[in-house]
Amino acid sequence: MRTFEKSSKLDNVCYDIRGPVMDEANRMIAQGEKILKLNIGNPAPFGFRAPDAVIEKMKEMLTFTEGYSDSKGLIEARRAIVKYCRQKNMPNVTEEDVYTGNGVSELITLSMQGLLNDGDEVLVPAPDYPLWTASVTLAGGTAVHYICDEESEWYPDLEDMRSKITAKTKAIVVINPNNPTGALYPKEILQGIVDMAREHELILFADEIYDRLVMDGLEHIALASLAPDLLTVSFNGLSKSHLIAGYRCGWMCLCGDKSKAKGYVEGINLLSSMRLCSNVPAQSLIPAALEHLDETKQMLVPGGRIYEQREYITKAISEIPGLSVVKPKAAFYMFPRMDIERFQIEDDETFALDFLREKKILFTHGGGFHWEKPDHFRIVYLPEVGQLQEAATALKDFLAGYVQKKA
Ligand code: PLP
């Protein structure tokens with residue numbers, strides 16, 4: 001009998017952020033159990049609402065956005081993105097260099113499909129946002145992970161990065177601000193990466209979707225702004241800064257010197273037109289959204305929700321015996337470390353599963369972010385302080401008696 005298997009193209013694609021822990025959570029939910037989900041960066045379920053001006057704009061634009069747009073997106077949206085790029089000193093971006101997408105996710109995959117041949121290597125951070133590794137692999141490439149160093153605020157380890165460049169390396173992916181660590185990189189680190197890309201003639205991919213979610217008066221520096229003579233592909237969108245992950249609204253800009261990338265740009269244009277265009281009503285929000293940043297800023301200062309939630313959870317996690325954490329500076333994630341000798345943890349996925357079963361709270365294990373040692377997990381601190389308090393108390397209680405059983 002004929003059976004239908006998944007494509008062999010997917011054989012090595014690793015997207016462990018799903019997997020047994022999520023399956024177990026879904027099983028528990030189907031049985032009527034209530035699970036606190038601290039595993040996904042989706043603001044809406046935690047009472048975050050999009051700015052009113054954005055919602056009003058969406059309503060107003062619905063009837064005008066029924067048809068397909070240009071495959072790159074509405075010209076008004078692309079103009080607003082170009083203006084935003086100028087504000088961030090991103091060089092040489094015109095409307096023709098901007099591609100809107102159904103979230104940044106679609107464009108990450110598209111950008112890798114358009115570039116890679118079998119065996120090409122791309123430097124991707126560890127820990128990473130796992131879609132990057134999955135997209136490199138799906139496109140036939142090999143994701144080579146460079147270490148981000150917890151001892152140095154989770155900044156990329158430039159020596160490690162350098163040691164992993166080979167003749168097959170085509171590009172470096174930089175996720176800044178970072179998911180899952182919440183790190184924000186300083187200029188010296190970014191400059192070091194740019195210098196390396198220049199020396200080895202590599203393309204830079206800058207995932208900067210959290211650039212408007214920075215705390216402590218710090219400033220995000222766009223990677224492209226340091227590399228006018230290189231090609232930087234920059235990614236951004238409204239899912240997080242405007243709390244509208246469900247609308248699926250992102251964009252990608254080709255910045256800097258495109259003179260050596262004519263073939264790649266042709267490939268991107270082809271793939272972009274094959275999907276006709278991205279969600280047009282969502283694109284139509286971009287000009288208004290990029291003018292309305294006050295609500296976003298208010299969440300990030302003392303008294304604001306994200307700021308206060310970060311303050312609470314950082315302190316609470318640091319006080320649990322056997323845990324430590326680098327205080328995040330941006331986004332709404334943290335990546336605590338567990339003392340695996342104390343808890344005899346050999347498998348971080350089993351830890352997440354055991355915790356889920358006992359306390360009905362969902363975290364993602366570090367391995368889901370291509371972190372090899374079983375000593376980390378990610379917390380999404382979007383819930384209100386009351387719920388975070390429940391989670392921290394449950395974790396403290398759980399770890400007080402936890403010793404991982406051998407499989
Ligand atoms: N890049 C990073 C670093 C992310 O954390 C996410 C989502 O969590 C995305 C990209 C995808 O965002 P979206 O597809 O909603 O624009």
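Me: What makes the approach of tyrosine 210 to an oxygen atom of the ligand a polar contact?
Reply: In this predicted model, an N or O atom in the side chain of tyrosine 210 lies 2.6 Å from an oxygen atom of the ligand. A polar contact requires a pair of N or O atoms within 3.5 Å, so this pair qualifies.

Me: Which other side chains make such a contact with the ligand, and at what distance?
Reply: Serine 239 has a side-chain N or O atom 2.7 Å from an oxygen atom of the ligand. Aspartate 207 places a polar side-chain atom 2.6 Å from a nitrogen atom of the ligand. Aspartate 207, Tyr210 and Ser239 are listed among the closest of the 13 residues that surround the ligand, together with Val104 and Ser105.

Me: Why is the pair of phenylalanine 335 and phenylalanine 369 called edge-to-face?
Reply: The planes of the two rings stand at 90°, and an angle over 60 degrees counts as edge-to-face, so the label follows. The centres are 5.8 Å apart, which is within the 6.5 Å required of a pair.

Me: What does the pair of phenylalanine 335 and phenylalanine 369 tie together?
Reply: Phenylalanine 335 belongs to the loop between β11 and β12, and phenylalanine 369 to the loop between β14 and β15, so the pair ties together parts that are 34 residues apart in sequence. Both residues are buried.

Me: Why is the pair of phenylalanine 351 and phenylalanine 355 called stacked?
Reply: Their planes meet at 10° and their centres are 6.3 Å apart; stacking asks for an angle under 30 degrees and pairing for a distance within 6.5 Å, so the pair is stacked. The two residues are four apart in helix α14, and therefore about one helical turn separates them. Phenylalanine 351 and phenylalanine 355 are both buried, and ring pairs link them into a cluster with Phe363, Phe377, Phe398 and Tyr402.

Me: How do you know that arginine 305 lies over the face of phenylalanine 48?
Reply: Arginine 305 is 3.9 Å from the ring centre and is assigned to the face of phenylalanine 48. The distance limit for a charge over a ring is 6 Å, so the value meets that part of the criterion.

Me: Which residues have the most contacts inside the largest nonpolar core?
Reply: They are Phe205 and Leu395, in a core of 71 residues. Helix α15 supplies the largest share of this core, six residues. Beyond its neighbours within four places in sequence, phenylalanine 205 touches residues including Trp132, Phe235 and Tyr264.

How values were computed
Residues numbered from 1 in each chain as written. Predicted model: local features only at pLDDT ≥ 70, side-chain atom pairs only at ≥ 80, totals over all residues. Heavy atoms only, no water. Core = buried A, V, L, I, M, F, W, Y, C linked by side-chain atoms within 4.5 Å. Buried < 20%, exposed > 50% of the residue type's maximum accessible area, 1.4 Å probe, protein only. Contact = heavy atoms within 4.5 Å. Phe/Tyr/Trp six-rings, centres within 6.5 Å; stacked < 30°, edge-to-face > 60°. Lys NZ or Arg CZ within 6 Å of the ring centre and 35° of its normal. Near = heavy atom within 4 Å. Polar contact = N/O pair within 3.5 Å; in protein donor to acceptor, adjacent residues only side chain to side chain.
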